[in-house]
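The following questions ask how the descriptive words used for a structure are justified. Each answer sets a value beside the criterion it has to meet.

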2 protein chains.
Amino acid sequence: MQFSSKLAIATHILLVIAEFSEKEKVTSDVIAGSTNVNPVIIRNMLLKLQDAKIIQTKAGVGGSELTKPLNKITLKDIFYAVEEDKDLFKFHSNPNEDCPVGRNIHKLLDKRFDNAKEVMFDELSKITLDQLKFELDKLIKK
Amino acid sequence: MQFSSKLAIATHILLVIAEFSEKEKVTSDVIAGSTNVNPVIIRNMLLKLQDAKIIQTKAGVGGSELTKPLNKITLKDIFYAVEEDKDLFKFHSNPNEDCPVGRNIHKLLDKRFDNAKEVMFDELSKITLDQLKFELDKLIKK
DNA sequence: ATAGTTGTAATAAGATGAATTACAACAAAC
DNA sequence: GTTTGTTGTAATTCATCTTATTACAACTAT
């Protein structure tokens, strides 16, 4: 199993805004064209990115812009803007409380699963849009 | 999004075997009773754990046993025994190759996503069944 | 040969992701 | 103040994946 493509899509959205919003109006249709993702999905993500205070979107007139400097936006921020904060690993729902293992399996694994999740997000928090745009601009120039 | 409960179930299975297989025959029905997971699901997992050389199961007569010392079995081993090795994060499938962002989004994120996955599994590889059984036995004694 | 168990296929039910259609709400510009 | 283009939002559908379930053949000790 794996995470959905929301993080990749949202990062794509923000990079498009970072690259183009100064020169042209970046509408949900523009972003849909670059990502090949349905405009309604894009709009819903734009709403979540607004809630997270990462962008602002002009209702009516259209177009989105970043509200923070690029080095203040990390992949972790983006993930939590567009995905629910669920546990990384699910549990089976009704382990038998009459069995010593069934009674304790949650207690044994909970904090270890949480820890694994935490180190992963620590890693994602080290990656900023700044770094991504810098690398992207290098790739574009060639 | 999140991982399935396979890791939690498989770990539960192995702890049941570790605790009880010396004294009694641990069949798929016994495990199904402790986990409250369907016996067929359990049997399929037992097959995968056999493929990974973590346990052996006696066809016909029944019962499973560990084939390795507990300190040689980690949560990472268990995960890869029962889950597919997919990328942690999915991508949107057809980013627009005519857009500089769409053309490069994969290149920008691939290695960073892989790295986040790797540190998570490094963390899981530090946790052995040995540690879990030790903690479990302490909980049981109380 | 019997009995209990594993191995395995086929099917169904439930949850979630993503696409799609449709339209009201909004704001600039004419 | 009406038109135009865009966003906000609801409702529905389709596909995929997880988990449960039924059914039965294959296996092995007794």
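Q: What makes α4(A) a helix that is largely enclosed by the rest of the structure?
A: In this predicted model, six of the eight residues of α4(A) are buried, and the helix is therefore largely enclosed by the rest of the structure. A residue counts as buried when 20 or more other C-beta atoms lie within 10 Å of its own, and the residues of α4(A) that qualify are A:L75, A:D77, A:I78, A:F79, A:A81 and A:V82. These buried residues pack against α1, α3 and α5 (100–124) of chain A.

Q: Why is A:K76 called partly exposed?
A: A:K76 lies in helix α4 (residues 75–82) of chain A, and because A:K76 has 19 C-beta neighbours inside 10 Å, it counts as partly exposed. The class of buried residues begins at 20 such neighbours and the exposed class ends at 12, so a value of 19 falls in between.

Q: Which residues does A:K76 touch, leaving aside those up to four places away in sequence?
A: A:K76 touches A:F121, A:L124 and A:S125. As for A:L124, it is 48 residues from A:K76 in sequence, yet the two C-alpha atoms are 5.1 Å apart in space.

Q: How do you know that the buried residues of α2(A) lie on the same side of the helix?
A: The buried residues of helix α2 (residues 28–35) of chain A are A:S28, A:V30, A:I31, A:S34 and A:T35. They cover an arc of only 155° around the axis, which puts them on the same side of α2(A). What covers them includes α1 (6–20) and α3 of chain A, together with α5 (100–125) of chain B. After α2(A) comes A:N36, whose phi is positive, near 60°.

Q: Why is chain A described as more spread out than a compact globule?
A: Chain A has six helices and two strands, and from the N terminus on its elements run α-α-α-β-β-α-α-α. The radius of gyration of chain A is 19 Å, whereas the globule rule gives 14 Å for 142 residues; the value is well over the rule, so the chain is more spread out than a compact globule. Along its principal axes, the C-alpha trace of chain A spans about 65 × 30 × 25 Å. Of the 142 residues of chain A, 36% count as buried, and among contacts between residues at least 6 apart in sequence, 63% join residues at least 24 apart.

Q: What makes the relation between chain A and chain B that of a two-fold axis?
A: A turn of 180° with a shift of 0.0 Å along the axis lays chain B on chain A with an RMSD of 0.0 Å, and that is the relation of a two-fold axis. In chain B, the C-alpha nearest the axis belongs to B:M120, at 2.6 Å from it.

Q: How do you know that the same surface serves both copies?
A: Of the contact residues of chain B, 100% recur in chain A, and hence the same surface serves both copies. In this interface, 51 residues of chain B are in contact with 51 residues of chain A. On the side of chain B that touches chain A, α1 (6–20), α2, α5 and α6 (129–141) of chain B each supply at least two residues, and the largest share, 15 residues, comes from α5(B). By class, that side of chain B has 27 nonpolar, 15 polar and nine charged residues.

Q: What makes a residue part of the surface near DNA strand C, and which of the 25 come nearest?
A: The criterion is a C-beta atom within 6 Å of the strand, and of the 25 residues around DNA strand C, A:S4, A:V40, A:G60, B:S28 and B:G62 come nearest. The elements that each supply at least two residues of this surface are α3 (39–51) of chain A together with α2 (28–35) and α3 (39–51) of chain B. The largest share, five residues, comes from α3(B), and by class the surface divides into ten nonpolar, eleven polar and four charged residues.

Q: Which residues come nearest to DNA strand D, and which helix supplies the largest share of the surface near it?
A: Of the 25 residues around DNA strand D, A:S28, A:G62, B:S5, B:V40 and B:G60 come nearest. The largest share of the surface near this strand, five residues, comes from α3(A).

Definitions and conventions:
Residues numbered from 1 in each chain as written. Chains lettered and ligands numbered in written order. Predicted model: local features only at pLDDT ≥ 70, side-chain atom pairs only at ≥ 80, totals over all residues. Helix = DSSP H or I, 4+ residues; strand = E, 2+ residues; numbered from the N terminus. Nonpolar A, V, L, I, M, F, W, Y, C, P; charged D, E, K, R; others polar. Arc of directions from axis to C-beta. Contact = placed C-beta atoms within 7 Å. Rg over C-alpha atoms; globule rule 2.2 N^0.38 Å. Least-squares fit on C-alpha atoms with pLDDT ≥ 70 in both.
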